[in-house]
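Trainee: Could you take me through a close look at one spot in this model, and then show me how the rest of the chain is put together around such details? I would like to follow the reasoning step by step.

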Amino acid sequence: SQVPSPCCPFMHCCIAAAEMTLPRRIVDCHHHFLAPDEPFHATLGALGAPAYTAEQYAADSAGLPIEKTVHIEALADDGAGEAAYVDALASRGACKVAAIVANCDLSAPDAAAALDKIQAASARVRGIRYILDYDGPFDGECPTHVACKAHATDYLRDASAAAAFERGFALLAARGLSFDLQLCPAQMEAAAAMISRHLCVPVVIDHMGKPWRLRADGGAADAAELAAWRKGMAALAALPQVSCKLSMLGVAVPGWPAGGAKEELLRGLVLETISLFGARRCMFNSNWHINGAVSNSDAGDVPSDEALTMASLFERFHGWVAHLGEAERE
């Protein structure tokens with residue numbers, strides 16, 4: 001559930017409660033279409049990603065009470081090109097996309113011109129994402145995202161890079177744009193310090209802040225990871241313009257769909273996040289693309305995730321918060 005920031009009247013991404021196992025209505029506020037044969041998705045093509053179309057999303061979400069959706073950039077090489085592509089799909093009724101979060105390198109010298117081009121490409125553009133999770137050279141094992149492999153730069157903690165990024169970030173307020181913040185826990189305090197200087201830029205944390213591959217064994221590694229995550233999330237939650245998406249939770253606890261101790265740990269973290277931010281600043285979403293396993297963790301290599309469907313995902317989400325009051329679930 002999410003209530004939009006006063007600075008951002010467009011962020012209506014909420015999930016309403018229902019009497020049965022599914023919500024009465026869903027606004028899926030984070031999903032992707034993939035077009036690896038298009039120039040704007042050249043990086044996806046180079047990574048070997050398959051296409052994922054509006055028709056496939058419609059089939060995967062069939063029977064769910066999805067009223068509208070928010071399309072989030074998918075490693076787009078050309079934010080304006082991707083936005084125009086998604087806008088055309090929505091305009092011809094091929095999807096229910098009501099808002100678009102586009103890709104833009106805010107650290108670039110021409111960020112202002114790039115933002116103008118993106119907004120000109122689609123009136124549905126409501127926000128920007130530039131993936132920032134960097135915690136050392138990309139190796140597939142550390143929290144650094146593959147999107148950061150090419151530049152190998154920490155735009156939140158490296159002083160020079162952070163200054164350039166903040167200059168671009170500051171451009172969002174006058175354009176009425178929000179920012180999707182995808183980062184790792186080690187970067188959160190630096191992110192909070194920067195965001196605190198820009199109170200009229202609504203920020204949405206992606207994927208519950210991505211605590212990294214918890215084992216659910218009560219061990220020291222989990223304790224250290226959770227301590228860093230909790231400290232960073234508290235700093236971000238203290239800022240009233242920051243909300244949090246609850247999704248791609250297989251990054252946090254691989255194998256949670258199998259149930260047991262792993263699901264219990266994850267459910268506890270979800271409820272902890274809701275308690276920290278307040279229900280009105282949290283939202284569930286599918287992160288759907290390709291299939292359930294990939295949507296749950298990007299890697300898509302956990303056998304228990306293979307049976308995950310969009311319906312079963314929202315059923316689990318709904319079940320985790322069934323004890324909350326209707327106003328909180330709304």
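Mentor: Happy to! Let's go to Asp 298, which sits in the loop between helix H10 (292–297) and helix H11 (310–320). Bear in mind that this is a predicted model. What catches the eye at Asp 298 is the backbone: phi is near 70 degrees, a positive value in a residue other than glycine. Buried or exposed, then, or something in between? Asp 298 has a relative accessible area of 35%, so this residue is partly exposed, given that buried means under 20% and exposed over 50%.

It is useful to set beside it another residue with a positive phi. His 207, which is not a glycine either, has a phi of about 55 degrees. This histidine also belongs to a loop, the one between S6 and helix H8 (220–237). Its setting is another matter: His 207 has a relative accessibility of 3% and therefore counts as buried.

From that loop we can step back to strand S6, residues 203–205. S6 runs parallel to strand S7, and three bridges join the two. One place to look is Ile 205, which stands opposite Cys 244 in S7. S7 itself covers residues 242–246, and five of its five residues are buried. The cover extends to both faces of S7: on one side Val 242, Cys 244 and Leu 246 are buried, and on the other Ser 243 and Lys 245 are buried as well.

S6 turns up again if you look at helix H5. The buried residues of H5, which spans 159–169, are Ala 161, Ala 162, Ala 164, Phe 165, Glu 166, Gly 168 and Phe 169. Their cover includes S6 along with helix H6 (171–174), strand S5 (178–181) and helix H7 (188–195).

A second parallel pair deserves a moment. Strand S3 (residues 97–103) is joined to S4 by four bridges, and Ile 100 has Val 125 as its bridge partner in S4. How many residues of S4 are buried? Five of the five residues in S4 (125–129) are, so the rest of the structure largely encloses this strand.

For a spot with more access, try Glu 55 in helix H2, residues 54–60. Its relative accessibility is 49%, so Glu 55 counts as partly exposed. The C-alpha atom of Glu 55 is 7.8 Å from that of Cys 95, although their positions lie 40 residues apart along the chain.

Now for the whole chain. There are twelve helices and eight strands. The radius of gyration is 18 Å, close to the 20 Å that the globule rule gives for 330 residues, so the chain is as compact as a globular protein of that length. Along the principal axes, the C-alpha trace spans about 50 × 45 × 40 Å. Of the 330 residues, 56% are buried. Among contacts with a separation of 6 or more, 75% are between residues 24 or more positions apart. The accessible surface amounts to about 12,800 Å², with 56% of it belonging to carbon and sulfur atoms. As for charge, the chain carries 26 positive and 39 negative side chains, and the centres of these two sets are 5 Å apart.

Methods. Residues are numbered from 1 along each chain as its sequence is written. This is a predicted model: local features need pLDDT of at least 70, side-chain atom pairs count only at pLDDT 80 or more; totals for chains, interfaces and linings use all residues. Side-chain values use heavy atoms; hydrogens and water are left out. The radius of gyration is taken over C-alpha atoms; the globule rule is 2.2 Å times the number of residues to the power 0.38. Buried means under 20% relative accessible area, exposed over 50%, partly exposed in between (1.4 Å probe, protein chains only). Contact means heavy atoms within 4.5 Å. Accessible areas come from the Shrake-Rupley method with a 1.4 Å probe; for residues, only the protein chains shown count as cover. Lys and Arg count as positive and Asp and Glu as negative; His and the chain ends are not counted. The place of a charge is taken as NZ of Lys, CZ of Arg, CG of Asp or CD of Glu. Two strands pair if DSSP finds at least two bridges between them.
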